[in-house]
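Open the model in your viewer and keep the sequence panel beside it. We will go from stop to stop, selecting a few residues each time and saying what is there.

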Amino acid sequence: MLDFKIFIVEDDKWYGGLLHHYLSQNPDYDVTLFGTGKECLAQLHRKPDLVTIDFGLPDMTGEELYGKIKQAYPNLPVIIISAQERITTAVNLLKMGAEDYLIKDENTQQLLWRAIIRLREKQSLHNEISELKAELKTKYDYSHSIIGKSPALQAVFKLIDKAAGSLINVSIAGETGTGKELVARAVHYNSSRSGHPFIPVNMAAIPKDLVESELFGYEKGAFTGALNRKSGRFEEAGSGTLFLDEIGEMDLNIQSKLLRVLQEKELTRLGGTSKIKLDFRLVVATHKNLSEEVKKGNFREDLYYRIVGLPINLPPLRERREDILLITQHFLTAYCKENKIPEVRVSPAAREKLLDYSYPGNVRELKSVVELAAVMSENNIIEPEDITFLSGNSQNVDAVLNTELTLREYTRLIIRNYLKRYDDNVLLVAEKLDIGKSTIYKMLQTGEIEGA
Ligand SMILES: Nc1ncnc2c1ncn2[C@@H]1O[C@H](COP(=O)(O)OP(=O)(O)OP(=O)(O)O)[C@@H](O)[C@H]1O
C-alpha cells in the first residue's frame, strides 16, 4: 500500500512530538512535523494526504492557515486541533469544509487516529465510486459498440443523444438484426436513469397466455401454479428503462392494459388489490411499420400515439454498405481476441463478396458470417470461399454442409444461431432443438458459444 502522508503543524514541540510518535506507529503513515504555518505551506508541494493544524500558531491563526491550504489544494483534508473549545470557530471551519475539529486533551491522539481511519475509508469508497463511474462510462460509450460511419447511422447517433438527454418515450424501428436493442441500451445507459435497471422484454418470445403475468406480476394463489408472489417486468424496471421489443406482436387485449398502465403510472398484480406505483421510462422496438398496423386494426391508435415518442429508424445494412467492412473488422477483432488467435485479415476479393450481399438478417447475420469465415480461413486470411451466407435457401444450406465442419462445430453454429434468433432464451432454444438446457449453459459457461 502507498504511504499516507500526514503533515502535523504544532508549535508546542512536546505535544507535536507526541502526535508524531503516536501516528508513526502505523508503518503506512509518513508523518512530518512543522512548528509554523509558513514551514508547512512551503512544503505543500509534497502533496500530503492530510494536514492537522493547531489553532493557535505563532505566525498565523489556524483559520488563516486553513484558508491558504484550501486555496492551494481545495481537496486536501484538514483536521483542526484546538486548545479550547471555540464552538463558533469550529462550526465555521467545519462549514468551510474542514475534515474534523478536535479539542486538545488526553483523548486527542486516539480521536485523531480514528478520524484518519474514517478519512481513509471515505477516500477509498470515493475512489471506488469514481472508478466504477469511469468504467460505466467507457462500457456504454456506444461509439465502441455501435459501429458505423454511414450518414444514416450518424443521424441515429444524434437521435440517441437527444433521447438520452430527455425522458421522452422512444420507439425504434428496423428490420431484425439492425441493432435495435443496442440502440435501446445506448439510450438507457447514457440517460439520467443509467443507475437503474434496463429491463428488456421480447414480446415475441413470451407465450401468449404468460404475457400478462410476466408483465404485471402476480400474487400468491392468483392462478394454479402461482405458489409465491412475483413482481412483473413493469415493476422490475423501477426507475430504469423498460424495453419492449417486438411491441407489434402484442395482442390487443394486452395493448389496452399497457395503455392503462402508461396513463395511470400504476398497476395491480394479477390476483392482487393494492396499486403499485410505477416510474419506468419506456423504449419500444418493432420490425413492423406500426402506423400500418394501426391502419390494419392490429395496433391501437391511442397506444401508438402514447409510445411513439421520439422515433428512431434503423436502416437495413444493405442501405448502408459503407458500414459493412467496418463492422466486419469489429467482429473479427473481437472474435480473434476472444479465441486468443492471431489477427485474421480479409482478402480484397473476400471484401468484394461481403459487400455484394444483401444481408436479410442484417448485422446479426454479418456477425455469424464473419465468425464462420474466421473459422474456415487458412493462414489467417479470409478468402471468398471461406464466406458462406446463411440466410435460408437450400443452396445456402448445401454451402454450410459443404464446409466440412466437425459435428461439434456444427452444433456450436446451430446453437449460437438459435440463441440469437430467440434472444438468448436458453430454455426456448433447448426446447426447439430438443436438447438439455444444461448442454447450452455449459457451452455458454466455458465460452465455447457466446450469447448475443
Ligand atoms: N452497428 C453495429 N455495430 C456493431 N454491432 C452491431 C451493430 N448493430 C447490431 N450489432 C450486433 O448485431 C446483433 C443484433 O443486434 P440487436 O439484437 O440489437 O438487433 P435487433 O434489431 O434488436 O434484432 P431483433 O429485431 O431480431 O431483436 C447484436 O450482436 C449486436 O451487438
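Start by selecting Y73, which counts as partly exposed because it has 15 C-beta neighbours inside 10 Å. The scale used throughout calls a residue buried if 20 or more other C-beta atoms lie within 10 Å of its own, exposed if 12 or fewer, and partly exposed in between, with C-beta atoms placed from the backbone. Y73 is in the loop between α3 (62-72) and β4 (78-82). Helices (H or I, at least four residues) and strands (E, at least two) are DSSP runs, numbered from the N terminus. Now add K47 to the selection: Y73 and K47 are 26 residues apart in sequence, and their C-alpha atoms are 8.8 Å apart in space.

Before going on, a word about what is on your screen. This is a predicted model, in which local features need pLDDT of at least 70, side-chain atom pairs count only at pLDDT 80 or more, and totals for chains, interfaces and linings use all residues. Residues are numbered from 1 along each chain as its sequence is written.

**Colour by confidence**

Colour the protein by pLDDT, the predictor's confidence in each residue, from 0 to 100. The protein averages 88, and 94% of the residues score at least 70. Where pLDDT is low, the predicted coordinates should not be read in detail. For the complex, the predictor gives an ipTM of 0.98 and a pTM of 0.61.

**Zoom out**

Switch to a cartoon view of the protein, and you have 19 helices and 16 strands to look through. Of its 452 residues, 29% count as buried. Among contacts between residues at least 6 apart in sequence, 68% join residues at least 24 apart; two residues are in contact if their C-beta atoms, placed from the backbone, lie within 7 Å.

**Select D54**

D54 lies in strand β3 (residues 50-54). Is D54 buried or exposed? D54 is buried, because 24 other C-beta atoms lie within 10 Å. Show its contacts next: leaving aside neighbours within four places in sequence, D54 touches V9, E10, D11, G62 and I81 by the contact rule. The unreviewed UniProt entry places the feature "modified residue: 4-aspartylphosphate" at D54. UniProt positions are given in the numbering used here, feature names are shortened, and annotations may be inferred rather than shown by experiment.

**Select the ligand**

Which residues come nearest to the ligand? Of the 19 residues around the ligand, these are I147, G179, K180, E181 and V363. A residue is near a molecule if its C-beta atom, placed from the backbone, lies within 6 Å of it. Highlight α7 (180-189), α13 (324-338) and α15 (362-376), each of which supplies at least two residues of the shell. Colouring by domain is helpful here: domain 2 (146-315) and domain 3 (318-445) each give the shell at least three residues, with domain bounds that come from an automatic or database domain assignment.

By residue type, the shell divides into six nonpolar, eight polar and five charged. In this grouping Ala, Val, Leu, Ile, Met, Phe, Trp, Tyr, Cys and Pro count as nonpolar, Asp, Glu, Lys and Arg as charged, and the others, Gly among them, as polar.

Stay with helix α7 and pick R185, which is found there. R185 is buried, because 21 other C-beta atoms lie within 10 Å. The C-alpha atoms of R185 and F198, 13 residues apart along the chain, are separated by 7.4 Å.

**Two lysines with positive phi**

Most residues other than glycine have a negative phi. K265 has a positive phi of about 55° although it is not a glycine. Look for K265 in the loop between α10 (252-264) and β11 (266-267); K265 counts as exposed because it has 12 C-beta neighbours inside 10 Å.

Then jump to K340, whose phi is also positive, at about 50°. K340 sits in the loop between α13 and β15 (345-346), and is exposed, with 6 other C-beta atoms within 10 Å.

**Last stop: helix α14**

Select α14 (residues 348-355), where you will find E352 and P348. E352 counts as exposed because it has 11 C-beta neighbours inside 10 Å. P348 is exposed, with 7 other C-beta atoms within 10 Å. Finally, add P384: its C-alpha atom is separated by 8.4 Å from that of E352, 32 residues apart along the chain, and by 8.9 Å from that of P348, 36 residues apart.
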